Amino acid sequence: MTDAPDLYTTIQNAAAYIRSRDARPWKVLLILGSGLGGLAEKTVNANRISYADIPGFARSTVAGHSGQFVIGDLFGVPVSIMQGRVHFYEGHPLWQIGLPVRVAKAMGIETLIVTNAAGGINRTFNVADLMMITDHISLAGLAGHNPLIGPNDERLGPRFPAVTGAYDAELQAFAIAAAREAAVDLKQGVYACVSGPMFETPAELRFLRGIGADAVGMSTAHEVVVARHADVRVLGFSGITNTARLSADEGEPPSHQEVMEAAPKIAPKLHAVIEGVLRRMNPPR
Ligand code: HPA
């Protein structure tokens, strides 16, 4: 990063501000993607902190992303929820996209549950399906748009972190059990992260299918990479809001409206699975 103060100080300043508003330690960070923010309303003993008030934070500019932390208890577990996130395509530098995760780590989190809206590439997926992310392909990251590029501060994590098994096996098992209990048909697959903001061409989608992607979206991988750098456990879900048109004559092109219309159909499934996962985790306060 080029901005002063340095990243470590920026993180500490943001965490100090949050602590001044709500001194409760954090255990789990939940990032709710496009149209999926409603779960935050189930939080009890909630305190809301707008990103706009936190020093160093970027503001979300996308419809459907309200841009605040909701801190409280969800199904008996202390959580901090990011209702809305910032995206690379909004023009924010990648360190800024990773900042909330690093601040959450400074607040004490051990676990990140990350969600997004995604296009389904796997032909067996339908609109409104819920996919648990088993791994990701960060095309943005591989192409040099990586939140870890720059001087490495060892206080935040190692220079060369491994991202093998980035999505935690125990948390995935909790999700599978939770889905079974809630009668949710939980798909599983690999999430491809692209920069956006345009939706992909049919040729790009065929390429993504060819390299093993089951769903594609414009977020998540950056936050997951930062979380793993900070040794935070990760669980991820994609809500399939549209299905990929692998050739140009395959129906209507995708639109943001289509994404926002599908999200309410996914939210109840996502909420049921997250509830089951949190109940199984039950981290001590
Ligand atoms: N592509 C990229 N990002 C997305 C999509 C898509 O089809 N749907 C929702 N987010």
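Tutor: A polar contact is a pair of N or O atoms within 3.5 Å. The model is predicted, with local features needing pLDDT of at least 70 and side-chain atom pairs 80 or more, while totals for chains, interfaces and linings use all residues. Numbering runs from 1 along each chain, and side-chain values use heavy atoms, without hydrogens and water.

Student: How far is a nitrogen atom of the ligand from a polar backbone atom of Gly 119?
Tutor: Gly 119 is one of the residues surrounding the ligand. Its partner in the pair is a nitrogen atom of the ligand, and Gly 119 supplies a polar backbone atom. The distance is 3.3 Å.

Student: Which residue has a polar side-chain atom 2.9 Å from a nitrogen atom of the ligand?
Tutor: The shell around the ligand includes Phe 199, Glu 200 and Val 216. The shell holds one charged residue. Here the 2.9 Å pair joins a nitrogen atom of the ligand to the side chain of Glu 200.

Student: What is the distance from a nitrogen atom of the ligand to the side chain of Asn 242?
Tutor: Asn 242 is among the residues around the ligand, as is Thr 241. An N or O atom in the side chain of Asn 242 faces a ligand nitrogen at 2.7 Å.

Student: How much of the ligand does the protein bury?
Tutor: Take the ligand alone (Shrake-Rupley area, 1.4 Å probe). It then exposes 260 Å². The protein buries 94%.

Student: Which strand gives the most to the shell around the ligand?
Tutor: A shell residue has a heavy atom within 4 Å of the ligand. Strands are DSSP runs of at least two residues (helices, at least four). β5 (111-120), β8 (215-217) and β9 (233-243) each supply at least two shell residues. With three residues, the top giver is β5.

Student: How many residues of the shell are nonpolar?
Tutor: Ala 117, Ala 118, Met 218 and Val 259 are among the residues that surround the ligand. Gly counts as polar. Four shell residues are polar and one is charged, and the nonpolar ones number six.

Student: Where does Pro 197, which follows a cis peptide bond, lie?
Tutor: Most peptide bonds are trans. The bond from Gly 196 to Pro 197 is cis, with omega near 0°. Pro 197 belongs to the loop between β7 (186-193) and α5.

Student: Which strand holds Asn 45?
Tutor: Most residues other than glycine have a negative phi. Asn 45 has a positive phi, near 50°. Its strand, residues 44-50, is β2.

How values were computed: A polar contact is a pair of N or O atoms within 3.5 Å; within protein, one must be able to donate a hydrogen and the other to accept it, and residues adjacent in sequence count only if both atoms are side-chain atoms.
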